[in-house]
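The following paragraphs lead the reader through a single protein model, from its overall build to selected residues. Please keep the sequence and the structure in view while reading.

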Amino acid sequence: MSVLVNKASKIIVQGFTGSEGTFHASQMIEYGTNVVGGVTPGKGGQTHLDKPVFNTVKDAVAKTGADTSIIFVPPAFAADAMMEAADAGIKVIIAITEGIPVKDMIQAKPYVKKRGAVLVGPNCPGVITPGEAKVGIMPGFVFKKGNIGVVSKSGTLTYEAADQVVKAGLGITTAIGIGGDPIIGTSTKEAVQLLMEDPDTEGIVMIGEIGGNYEAEAARWIKENGNKKPVVGFIAGQTAPPGRRMGHAGAIIGGKDDTAEAKIKIMKECGIHVAYSPADIGETMKKAIS
């Protein structure tokens, strides 16, 4: 089993012929991901990276049977790209683009959901099921197959957590980078739910940061559902001063529950094993699962 993407996923790349799309699509193909084509308006009928290029997502789906899309489209057009993918029947939409206007996401998020698609991101590193599919920008060599799921707001910390888990003698079922923007498609709780329901995932690493209530919402859901699998939590930004935005657009302490201290307290109350440093994630998971 796997979550969101696997070796059977048929993936198209929106923004396929641009520099970002080209670079990351070639890395995905090299990893063994089943990339079946790409979309660049006006370049339909061409071939790129030995794959067909289509003018629209609808054309791509009709010709390839694609069910998953990854978006490398400039910020001004990225929300339209998400909605186009959902309209064409794509079921998993992974948006890498950073800097999409919030007003665009307010429109795109419910539109995509209404059409039954799962949106991951934007401003995220993507999703990887090791040895099967890498749909994103993460370094594939860090991720080894195993039984631990990873959910993270931070791209870099996704890779760090995976590395720690692998070094502890465990491995990864699927890692989901949900993104650090104020409005994202899949929340921490929703990503944790997917991994809780996956029979191959025996433990979950949940990486959050200051700002927002995603981690508290996920922690309470985990407790309410009986702590079925051990969860290790880490919150980035423990030394961040209140009121200052740190890195991600969503990472700003707005209220007393947005601080790292408050989130750690809630996680502990909900039976989550807390790691205070990224370097402790692997060993904390190993102890929690044994």
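Helices and strands are here DSSP runs, of at least four residues for a helix and at least two for a strand, and they are numbered from the N terminus. The model is a predicted one. In these terms, T201 sits in the loop that connects α6 (188–196) with β12 (203–209), and the protein as a whole contains nine helices and 14 strands.

Before individual residues are considered, the overall form deserves attention. The C-alpha trace spans about 55 × 40 × 30 Å along its principal axes. A compact globule of 290 residues would have a radius of gyration near 19 Å, and the 18 Å of the protein therefore agrees with that expectation. Of the 290 residues, 56% count as buried. Among the contacts with a separation of 6 or more, 73% are between residues 24 or more positions apart. The exposed surface amounts to about 12100 Å², of which carbon and sulfur atoms supply 53%. The side chains include 30 positive and 29 negative ones, and the centres of these two sets lie 2 Å apart.

The loop residue T201 can now be examined more closely. Is T201 buried or exposed? Its relative accessible area is 1%, and since buried means under 20%, T201 is buried. The side chain of T201 forms a polar contact with the side chain of D198, at 2.6 Å. Setting aside residues up to four places away in sequence, T201 touches N147, I148, G149, T173, L195 and K229.

A second loop, between β10 (145–152) and α5 (155–167), holds K153. This lysine has a relative accessible area of 6% and is therefore buried. Where does the side chain of K153 reach? It comes to the backbone oxygen of G211, at 3.3 Å. Beyond residues up to four places away in sequence, K153 touches I178, G179, G180, I207, E209, I210, G211, Y214, E215, H248 and K263.

S187 belongs to the loop between β11 (172–177) and α6. With a relative accessible area of 8%, S187 is likewise classed as buried. Apart from neighbours within four places in sequence, its contacts are with I178, Y214 and E217. I178 and Y214 also appear among the residues that K153 touches. The C-alpha atoms of S187 and G149 are separated by 15 Å, the two residues being 38 apart along the chain.

Attention then passes to a helix. An α-helix has 3.6 residues a turn, so residues three or four places apart point the same way. In helix α8 (residues 260–269), the buried residues are A260, A262, K263, I264, I266 and M267. What do these buried residues pack against? Their partners are β12, α7 (214–224), β13 (231–236) and β14 (273–274). K263 of this buried set is also one of the residues touched by K153. Just after α8, G271 adopts a positive phi of about 80 degrees.

Other backbone features call for comment. Most residues other than glycine have a negative phi, and most peptide bonds are trans. G121 and P122 are joined by a cis peptide bond, with omega of about 10 degrees. P122 lies in the loop between β7 (118–120) and β8 (126–129). L4, although not a glycine, has a positive phi of about 70 degrees; L4 is located in the segment before β1 (11–14). L49 is another residue other than glycine with a positive phi, near 50 degrees. It occupies the loop between β3 (47–48) and β4 (51–54). With a relative accessible area of 28%, L49 is partly exposed.

The last residue to be considered is V92, which is found in strand β6 (residues 92–95). V92 counts as buried, because its relative accessibility is 9%. Which residues does V92 touch, not counting those up to four places away in sequence? They are L4, D67, T68, S69 and V118; of these, L4 is the leucine with the positive phi described above. The C-alpha atoms of V92 and N225 are separated by 26 Å, and their positions lie 133 residues apart in terms of chain separation.

How values were computed: Residues are numbered from 1 along each chain as its sequence is written. Side-chain values use heavy atoms; hydrogens and water are left out. The radius of gyration is taken over C-alpha atoms; the globule rule is 2.2 Å times the number of residues to the power 0.38. Buried means under 20% relative accessible area, exposed over 50%, partly exposed in between (1.4 Å probe, protein chains only). Contact means heavy atoms within 4.5 Å. Accessible areas come from the Shrake-Rupley method with a 1.4 Å probe; for residues, only the protein chains shown count as cover. Lys and Arg count as positive and Asp and Glu as negative; His and the chain ends are not counted. The place of a charge is taken as NZ of Lys, CZ of Arg, CG of Asp or CD of Glu. A polar contact is a pair of N or O atoms within 3.5 Å; within protein, one must be able to donate a hydrogen and the other to accept it, and residues adjacent in sequence count only if both atoms are side-chain atoms.
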